[in-house]
Amino acid sequence: MGEPSKKYDPAEAFMSAQTAEEMIAAFKHMEGCLDDGELGLVSLRVGRQLHEEGEDPKKVLSFAEKALKALDQDGKPSLPVAMHLMGCANYSLNRFDDSLEYLNRSNKLLRRLEEEGIASAEEIRPGLYAVQLALGNLKKDIGRGEEALGNLKNALEIKKKMTLEKDRNELGVEIDVANMQIALGKYDDAINTLNSMVQQTENDRDSEDRARVFVLIGEALFNQGKFSDSKRCLKCACSILDKKESVSPSLVARTYSKIATLYDTMNEYETCISLLERASALVKKVPQEQDAEGSIVARIGWVLLLRGQIPRAISYLESAAERLKESFASDPVAAGYNYNNLGAAYLELERPQSAAKKFEVAKEMLDVSLGPHHPDSIETCQNLSIAYSAMGSYALAIEFQQQASDAWKGHGPIAQDQLREAHRILEELKRKAHGTSTNQLPTKALLLPRGYIASRLP
């Protein structure tokens, strides 16, 4: 007779689990047998594993909430860790106010643990580092740049105390600090930070981090008007990235996209397009980066459209529309922008019927994703009015121009110029409809977004 099969032990299965899926399977078997403290710790571990694996933030949030509820009652030292996870999950869901609240509470609790002697400085540093880094990234996204820079510098100082050697995490924080200094216009400070990092990466001259450093130096120099020096740094970065295409295709594609933005701004259009095409070819090989491919192709179309290469632009924009259609649920804004720009291209070719169809799709997408009163949604509505006007369909043109005018009113004094122009066009359309005006109406559509599409890139 063979040996009896070993009885399934969910606790043992949980402790030996390597993936979130394995953890959740074991968790379901033992959830009902756990007291509050155990439930909190187990839920926290599952939530953190899900977060590390990049799973749906709603799923992360559900386990974080379970953990917080259980640990809050017990006052466990793991409570600030649960609050940090709540902050991260809410950040991923764009619930920035909730994220800020939980991250601040986590930060205060960690410091209180040290003050009350419950944990040593060494024990709380990993948690403090994670919280300060998360606060820096959050504040950067909500426009609190100076505070974000302070949090990132705090994270860097904590990281230096945690290790005697420079490691990739520390370099990553220093890169974030330099990025924020550039965003705040502190270009000399950024260059000083980055120059020290060039020395730090001297032993690994072909590392991705070194390439990113050169890109940021190039960006800072560009903002100082030192274009020749900027291009030299960007070429150094590209020479490193060229060797890393097969190793880190996603990271290299992102970096090529950023470099392309700088070349575009320096009127080096062909170099810009060449880099974007290389980025597109790289992400095409990575299954999970298909959404990014659509955004990159859309960006190429945008650049060509700005340069007046309309037929070539349409080819890329139509191709991007097909790709972005598949990822509409995950990035409806990028899809809406692309359809708007495609409409603008057809209007340039004096094909207002085709333009109107694209603007209609764009308006529907942006109204849903941004809301009908967002400036970019209003611009799309006005573009649709322009297309109908070009077709001689003045009733429809007036209808959409009225919608745009009403929407601008809701923006108050800050949008007085836009409201005045929208009202002027509306009155002109009414006169056109009655045959009492020979004045020229707008025939060019506005491209979206007003800034570079780089913000939508991977």
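**From an exposed glutamate to two helices**

E52 is exposed, since its relative accessible area of 60% lies above the 50% beyond which a residue is called exposed. In this predicted model, E52 belongs to helix α3, which covers residues 36-52. On the surface, E52 takes part in a patch of negative charge, where E21, E22, E53, E55 and D56 gather with it.

Helix α5, made up of residues 79-92, offers a view of how a helix can be covered, for 11 of its 14 residues are buried. The buried residues of α5 are L79, P80, A82, M83, H84, L85, M86, G87, C88, A89 and N90, so each of them has under 20% relative accessible area. The length of α5 can also be checked against expectation: because a rise of 1.5 Å a residue is assumed, its 14 residues should span 20 Å, and the C-alpha atoms at its ends are indeed 20 Å apart, which agrees. After α5 comes N94, a residue whose phi is positive, near 65°.

Further along the chain, helix α17 runs over residues 332-348 and holds Y337. Is this tyrosine, Y337, buried or exposed? With a relative accessibility of 8%, Y337 counts as buried, because the limit for that class is under 20%. Y337 also has a partner in space that is separated from it along the chain: A362 is 25 residues away in sequence, while the C-alpha atoms of Y337 and A362 are 6.7 Å apart.

Notes: Residues are numbered from 1 along each chain as its sequence is written. This is a predicted model: local features need pLDDT of at least 70, side-chain atom pairs count only at pLDDT 80 or more; totals for chains, interfaces and linings use all residues. Side-chain values use heavy atoms; hydrogens and water are left out. Patches are made of residues with over 30% relative accessible area and no salt bridge: like charges are joined within 9 Å, nonpolar side chains (Val, Leu, Ile, Met, Phe, Trp, Tyr) within 5 Å. Accessible areas come from the Shrake-Rupley method with a 1.4 Å probe; for residues, only the protein chains shown count as cover. A salt bridge is a side-chain nitrogen of Lys or Arg within 4 Å of a carboxyl oxygen of Asp or Glu. Lys and Arg count as positive and Asp and Glu as negative; His and the chain ends are not counted. The place of a charge is taken as NZ of Lys, CZ of Arg, CG of Asp or CD of Glu. Helices (H or I, at least four residues) and strands (E, at least two) are DSSP runs, numbered from the N terminus. Buried means under 20% relative accessible area, exposed over 50%, partly exposed in between (1.4 Å probe, protein chains only). The expected span of a helix is 1.5 Å times one less than its number of residues.
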